[in-house]
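Here are a few short exercises to work through with the model open on your screen. Try each task before reading its solution.

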Amino acid sequence: MDLDYSADERAFRDDVRTWLRENLPADLHDKVARYAHLKRDDLLAWHRILAARGWIAPSWPREWGGTDWNVVQRYLFEEECGYAGAPPLIPFGLAMCAPVLLKFGTEAQKQHFLPRIYRGDDFWCQGYSEPGAGSDLASLRTSAVRRGDHYVVNGQKTWTTLAHMADWIFCLVRTDPAAERKQDGISFLLIDMRTPGITVRPLVLMDGGHEVNEVFFDDVEVPVANRVHDEGKGWTVAKHLLGHERMNTARIGTSRRELEHLKAFAATRRRNGKPLTDDPRFRDKLSRLEIELMALAITNLRFLDQLRGGRAPGPEVSMLKIKGTEIQQTLTELMLEAAGPLAQAVARVDDVPLAEDVIAALAPRYCSTRKTTIYAGSNEIQRNIIAKHALGL
Ligand SMILES: Cc1cc2nc3c(=O)[nH]c(=O)nc-3n(C[C@H](O)[C@H](O)[C@H](O)COP(=O)(O)OP(=O)(O)OC[C@H]3O[C@@H](n4cnc5c(N)ncnc54)[C@H](O)[C@@H]3O)c2cc1C
């Protein structure tokens, strides 16, 4: 097993790092560093810069705009973007809908949607979860009844991230309520958010931000041509997509950047008359976190080495989601601990090297980061996957 990068891989990383230094707009970097809620225009601005460079969809096949990078290069690119403080790439079109279309879509669907996703013409969201159907997704009840060349969709999706910004939603719907196995009656539809009968209502999270929504479907007509794969095969599509989702959640580059940020900040804070980084209890937590992040990076390299050798990682890849998100949460906990009473401050803060709005964002950010162990398949479910499929328990 090779747990180091080759000279070529290191050269590639340096090229990406240099390009990011020269091309990541300062205002976008600043918003990310300040934990600002990014707007559709911010997200699309970065998307289009990468698209112009030819780097927006590295994992797609070359004919559709992919880069032909190997798995290590793709990972290095993501890590460098996170480390540089680039805005996140919204996965719904690029990393979820596109792989589904590439594997299951018709030629007409690919020709229509893939170039639009590549250019950032369409902003997508994911309509899987429903009230009562999150972890137990196959219990979903949103119905699609076929009438001629249309389906008529009725029901509700929930927790739909960025639906208020989206032009399109991909949805799991129930086309056969009588199917023996509940997984067999499900189909996968692409739905234009401007279709009459769709209502989007905000769900405001505990950080005060509007990021997720409820989406209601009231007699919404969807062309049959917008169904991906056969009727009743939506569960096959969903499983394909969830595998992609689990690989994308470790965010090691972002956590490395935030750890550096935390260390620099903690060094300026004082406890019992000494820098906080000299406090044994805080130092212990900081070291533990750093070791966990190193271990995560090495675990990730193990998976990459498997992929280099042409073997797809198995269900144990869920470890990346569990550890990656736990680390993201611990980072925000220690930032909050380092800030102490300052995190409550709404007044001026003169004696710390962080801007007031960054300090003010720490507590909301702590709250917001609780979501990471819930979305993309909760960490309890990931542990079940490891127990059942990797450990055979
Ligand atoms: C911020 C955010 C954004 C999201 N964005 C989207 C989106 O864009 N599109 C979308 O479709 N969905 C989205 N989701 C929904 C997300 O996928 C679900 O919240 C998640 O799958 C959990 O489902 P649930 O909320 O119904 O909780 P439940 O499934 O009801 O689970 C409640 C608790 O029970 C635990 N639990 C459930 N079953 C088991 C079990 N078998 N063993 C052990 N523990 C169990 C869970 O881990 C959880 O702690 C988002 C969620 C959040 C919080």
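## Exercise 1: Polar contacts of the ligand

Find the N or O atom in the side chain of E380 that pairs with the ligand, and note the distance.

Solution. Keep in mind that this is a predicted model. Start at the side chain of E380: one of its N or O atoms is 2.6 Å from an oxygen atom of the ligand. Next, turn to the backbone. A polar backbone atom of Y128 sits 2.9 Å from a ligand oxygen, and a polar backbone atom of Q126 is 2.8 Å from a ligand nitrogen. Finally, look at the surface: the ligand taken alone exposes 980 Å², of which the protein buries 66%.

## Exercise 2: The shell around the ligand

Work out how many residues surround the ligand, and which element gives the largest share of the shell.

Solution. Count the residues with a heavy atom within 4 Å of the ligand; there are 17. Among these, S129, S135, T161, S378 and E380 are the closest. Now sort the shell by character: seven residues are nonpolar, eight polar and two charged. Then sort by element: α12 supplies the largest share, with three residues.

## Exercise 3: How α12 packs against α10

Describe the geometry and the contact residues of α10 and α12.

Solution. Locate α10 at residues 318–339 and α12 at residues 379–390. Their axes lie 9 Å apart, at an angle of about 145 degrees, and the crossing is left-handed. Then list the contacts: from α10 come S318, M319, K321, I322, T325 and E326, which meet N379, Q382, R383, I385 and I386 of α12. Sorted by character, this contact has four nonpolar, four polar and three charged residues.

Key. Residues are numbered from 1 along each chain as its sequence is written. This is a predicted model: local features need pLDDT of at least 70, side-chain atom pairs count only at pLDDT 80 or more; totals for chains, interfaces and linings use all residues. Side-chain values use heavy atoms; hydrogens and water are left out. Axes are lines fitted to C-alpha atoms, for helices over the stretch in contact, and angles run from 0 to 180 degrees between N-to-C directions. Helices (H or I, at least four residues) and strands (E, at least two) are DSSP runs, numbered from the N terminus. A crossing is left-handed if the near helix is turned anticlockwise from the far one by less than a right angle, and right-handed if clockwise. Contact means heavy atoms within 4.5 Å. Ala, Val, Leu, Ile, Met, Phe, Trp, Tyr, Cys and Pro count as nonpolar, Asp, Glu, Lys and Arg as charged, and the others, Gly among them, as polar. A polar contact is a pair of N or O atoms within 3.5 Å; within protein, one must be able to donate a hydrogen and the other to accept it, and residues adjacent in sequence count only if both atoms are side-chain atoms. Accessible areas come from the Shrake-Rupley method with a 1.4 Å probe; for residues, only the protein chains shown count as cover.
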